[in-house]
Amino acid sequence: MEIRGPVLLPARREEIELETLDGLTLVGELALPAHRDPVATLVTLHPLPTAGGFMDSHILRKAAGRLPALADLAVLRFNTRGTTSPRGTSEGAFDGGRAEEFDVAAALAFVEARALPHPWLVGWSFGTELALKYGRDHAIDGVILLSPPLHRATAADVAAWRGETRQVVALIPEFDDYLRPAEAHDRFAPIDHARVIAVDGGKHLWVGETQTRRVLTEIVAAVNPDALPLATEWDQQ
């Protein structure tokens, strides 16, 4: 079987709820390798909910569908406050990236309570803003930023990562709607150790199997490079 599209490879999948410090319940899913412990954990932060972003946004859904099996990773997805997906609706209302600080904290508290190893924040678009603004407050190994617009995350939020030991990896599509590679190199220059990766032919939404595979490969290259290259075929027996 070719691995593409919405395929779900074997994993232990669990519907979860996260409790925020301001009293909300957020809905989500945890996907774990089927027969072994994970070597690292991806805590995913979805695109802007007012523009259709949610925990099932396709790159995050495909990461959960493939990477537990292909790269021994745990993948946690959840709807931020006020966001709806087939899994359900998280309580509360969208707050433009402010009260969502509590949502990030709830997800990482869950990771800590479950003793999931080596957590990374993987943000996409709006999710990158949350990762940059609030990731430094938590025990994470690093952040992976997919199509960061750098709208809500200010120059000060970026510069605050200077001197950090945690990794910062930014995937910048060649044809992004908001931030393209040349400007991204300038905007991330204050972080000496940031890896800004320009993706030829890429667009903000990473549409198509070629772009999906590139994104998932770069995520695994940062988090568990021993799992590369990622398989493109799966033996169903």
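**View 1. Strands β1 and β2 pair side by side.** Eight bridges join strand β1 (residues 12–19) to strand β2 (residues 25–32). The two strands run antiparallel. This is a predicted model. Look for glutamate 14, which stands opposite leucine 30 in β2. Then follow the chain through the hairpin of β1 and β2, where five residues lie between the strands. Glycine 23 takes a positive phi near 90 degrees in this hairpin. As a general point, side chains in a regular strand alternate between the two faces of the sheet.

**View 2. The whole protein sets the scene.** How many helices and strands are there in the protein? There are six helices and 10 strands. The radius of gyration is 16 Å, close to the 18 Å that the globule rule gives for 237 residues, so the protein is as compact as a globular protein of that length. Along its principal axes, the C-alpha trace spans about 50 × 45 × 30 Å. Of the 237 residues, 56% count as buried. The protein exposes about 10100 Å², and carbon and sulfur atoms supply 50% of that area. Now consider contacts with a separation of 6 or more: residues 24 or more positions apart account for 69% of them.

**View 3. Strands β9 and β10 form a β-α-β unit with helix α5.** Strand β9 covers residues 167–173, and strand β10 covers residues 195–199. Five bridges join them, and the strands run parallel. Leucine 171 stands opposite isoleucine 197 in β10. Helix α5 covers residues 181–187. Together, β9, α5 and β10 make a right-handed β-α-β unit.

**View 4. Two residues sit in the loops beside helix α5.** Aspartate 177 has its place in the loop between β9 and α5. Phenylalanine 188 lies in the loop between α5 and β10. Is aspartate 177 buried or exposed? Its relative accessible area is 57%, over the 50% cut-off, so aspartate 177 is exposed. Phenylalanine 188 has a relative accessible area of 2%, under the 20% cut-off, so this residue is buried. Aspartate 177 and leucine 48 are 129 residues apart in sequence and 14 Å apart in space, C-alpha to C-alpha. Phenylalanine 188 and aspartate 56 are 132 residues apart in sequence and 28 Å apart in space, again C-alpha to C-alpha.

**View 5. The largest nonpolar core draws on helices and strands.** This core has 39 residues. Which residues have the most contacts inside it? They are Leu121 and Phe188. Elements that each supply at least two residues of this core include β1, β2, β3 (40–45), β4 (73–78), α3 (126–134), β8 (142–146) and β9. Helix α2 (100–113) also belongs to that group. The largest share, six residues, comes from α2. Apart from this core lies another, of 34 residues, among them Ile3, Leu60, Leu171 and Leu216. In soluble globular proteins, nonpolar side chains tend to be buried together.

**View 6. Leucine 121 and phenylalanine 188 have their own sets of contacts.** Neighbours within four places in sequence are left aside for both residues. Leucine 121 is in contact with Val43, Leu45, Val104, Leu108, Ala131, Gly135, Ile140, Gly142, Val143 and Ile144. Phenylalanine 188 is in contact with Leu145, Pro148, Leu150, Val158, Ala170, Leu179, Ala194 and Val196.

Notes:
Residues are numbered from 1 along each chain as its sequence is written. This is a predicted model: local features need pLDDT of at least 70, side-chain atom pairs count only at pLDDT 80 or more; totals for chains, interfaces and linings use all residues. Side-chain values use heavy atoms; hydrogens and water are left out. Two strands pair if DSSP finds at least two bridges between them. Helices (H or I, at least four residues) and strands (E, at least two) are DSSP runs, numbered from the N terminus. A crossover is right-handed if, with the strands pointing away from the viewer, the path from the first strand over the helix to the second runs clockwise. The radius of gyration is taken over C-alpha atoms; the globule rule is 2.2 Å times the number of residues to the power 0.38. Buried means under 20% relative accessible area, exposed over 50%, partly exposed in between (1.4 Å probe, protein chains only). Contact means heavy atoms within 4.5 Å. Accessible areas come from the Shrake-Rupley method with a 1.4 Å probe; for residues, only the protein chains shown count as cover. A nonpolar core is a set of buried Ala, Val, Leu, Ile, Met, Phe, Trp, Tyr and Cys residues joined through side-chain atoms within 4.5 Å.
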